[in-house]
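Please open the model in your viewer and keep the selection tool at hand, as this tour moves from one stop to the next.

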Amino acid sequence: MSDDRKKVIFSAIQPTGTFTLGNYLGAVRNWSPLQDEYNCIYAIADLHAITVKQEPKLLRQHTLEAYALLLACGIDPNKSIFFIQSHVRTHVELSWILSCSTQFGELSRMTQFKDKSAKHTDDVNAGLFTYPVLMAADILAYKSDLVPVGQDQKQHLELARNIAQRFNSRYGDTLVVPEPYIPKTGAKIMSLQDPTKKMSKSDENPNACILILDDKDTIVRKFKRAVTDSESEVCYREGKDGINNLMSIYSSVTGKSFDEITSEFAGKGYGDFKIAVGETVADALASVRDGFNRYINDKAYLKECYTKGAEMALKVSSRNVSKVYHKVGFVDNELYR
Ligand code: TYM
């Protein structure tokens, strides 16, 4: 049977502070060009954020900022369903059902759980453990075909696929098994201070991480301080982690291949290269900064957009989740829809 429905894209981001260049190049930047070709559904994952301690007032502020940032990155609420995760109750409801098709052993193998529980030893809560099930629910509630994410989410995506397949083999074909959609360059942007670690907003060293609202001087200064090596040739080679990372960033922003970048900087030192990367990144982010300042000051517009987004998301996901409820054997409930 041919399936000619328009493919569904789902992705989300946690509102745990200003996005990093990693979030931008690995994920968010790729979301807006998909809007014309696919049915796109994007969310601010505030339910996920509380798996580590959050200051409630700050979480609210960061959630609105994240929403404004994504608008500034080109998410168009007239083309996509764009909402705040906690506004749509079906995510939590489906998450419970799916947790009954998820094995303890599978969740124990998640590297992000291992990393985060090692980092927050005073709060290894059950939500941190079951987080990938909620993520699977986010995706599966919309029958998503493709999930654009960075490399670090690949393991969670594989788990979502396993959960969907297990559910389908137990209850019959119900859930769509999603595919990851990972960019060729920029899928794993590394820390500027320790290029063996991924760039992350939780890094204690502010020079390690470019925030997408940093101003041009700050961005160039952070790139100038980026850790490299004792050689001087700008080329992509094993062992040159710092330079490889800068080349990936430059390639991802300019579209140039590694060979083209090597030729461009032949005979020039790392200093020139770092400044070029910094300036190119800062220029690419300038329109995001301008857009953010416009949207964050228009709270009425933000509210109108996220309310409409949640209504649409609830409508689509309720239909799918009520089918899941039926399949598992719950008595049909007219109030549900
Ligand atoms: P989060 O908020 O940590 O990151 C959002 C997106 O940014 C990507 N990313 C990176 N890409 C390249 N280099 C980096 N250094 C880098 N750091 C982060 C992530 O891969 C991600 O795509 N669990 C998710 C949010 C989520 C979600 C979902 C995603 C909740 N439900 C359903 C997809 C589908 C997360 O914590 O992403």
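**First stop: two oblique helices**

Helices H10 and H12 are oblique to each other, and because the model is a predicted one, please read every stop on this tour as a description of a prediction. Select residues 241–254 for helix H10 and residues 270–296 for helix H12, and you have two helices that pack at an angle of about 40°, with their axes 10 Å apart. An angle of about 40° falls outside the ranges set for roughly parallel, under 35 degrees, and for roughly perpendicular, 65 to 115, which is why the pair counts as oblique. The crossing of H10 and H12 is left-handed.

To see what lies between them, show the side chains of Ile243, Leu246, Met247, Ile249, Tyr250, Val253 and Thr254 in H10, which meet Tyr270, Phe273, Lys274, Ala276, Val277, Thr280, Val281 and Ala284 in H12. The residues of this contact divide into twelve nonpolar, two polar and one charged.

**Second stop: Ile261**

Now select Ile261, which is found in helix H11, residues 258–264. Is Ile261 buried or exposed? Its relative accessibility is 0%, so Ile261 counts as buried. Setting aside neighbours within four places in sequence, you will find Ile261 in contact with Val234, Met247, Tyr250, Ser251, Lys256 and Phe273; among these, Met247 and Tyr250 in H10 and Phe273 in H12 also take part in the contact of the previous stop. If you draw a distance from Ile261 to Ser248, the C-alpha atoms are 10.0 Å apart in space, while the two residues are 13 apart in sequence.

**Third stop: helix H3 and its meeting with H12**

Select residues 56–72 for helix H3, whose 17 residues should span 24 Å at 1.5 Å a residue, and whose end C-alpha atoms are indeed 24 Å apart. Many positions can be coloured here as buried, including Leu59, His62, Thr63, Glu65, Ala66 and Tyr67, as well as Ala68, Leu69, Leu70, Leu71 and Ala72. Just after H3, look for Gly74, which takes a positive phi of about 105°.

Keep H3 selected and bring back H12: the two helices pack at an angle of about 130°, with their axes 8 Å apart. That makes H3 oblique to H12, and H3 passes H12 in a right-handed crossing. Here Leu64, Glu65, Ala68, Leu69, Leu71 and Ala72 in H3 meet Val288, Gly291, Phe292, Tyr295 and Ile296 in H12. The residues of the contact of H3 with H12 divide into nine nonpolar, one polar and one charged.

**Fourth stop: helices H7 and H8**

Move on to residues 126–140, which form helix H7, and residues 154–171, which form helix H8; these pack at an angle of about 70°, with their axes 9 Å apart. That makes H7 roughly perpendicular to H8, and the crossing in which H7 passes H8 is right-handed. Which residues meet where H7 and H8 come into contact? Tyr131, Pro132, Met135, Ala136, Ile139 and Leu140 in H7 meet His156, Leu157, Leu159, Ala160, Ile163 and Ala164 in H8. The residues of this contact divide into eleven nonpolar, one polar and no charged.

**Last stop: Lys143**

Finally, select Lys143, which is found in the loop between H7 and strand E4, residues 146–148. Although Lys143 is not a glycine, it has a positive phi of about 50°. Lys143 is partly exposed, with a relative accessible area of 25%.

Note on methods: Residues numbered from 1 in each chain as written. Predicted model: local features only at pLDDT ≥ 70, side-chain atom pairs only at ≥ 80, totals over all residues. Heavy atoms only, no water. Helix = DSSP H or I, 4+ residues; strand = E, 2+ residues; numbered from the N terminus. Expected span 1.5 Å × (residues − 1). Buried < 20%, exposed > 50% of the residue type's maximum accessible area, 1.4 Å probe, protein only. Axes fitted to C-alpha atoms, helices over the stretch in contact; angles between N-to-C directions. Parallel < 35°, antiparallel > 145°, perpendicular 65-115°, else oblique. Left-handed = near helix turned anticlockwise from the far one by under 90°. Contact = heavy atoms within 4.5 Å. Nonpolar A, V, L, I, M, F, W, Y, C, P; charged D, E, K, R; others polar.
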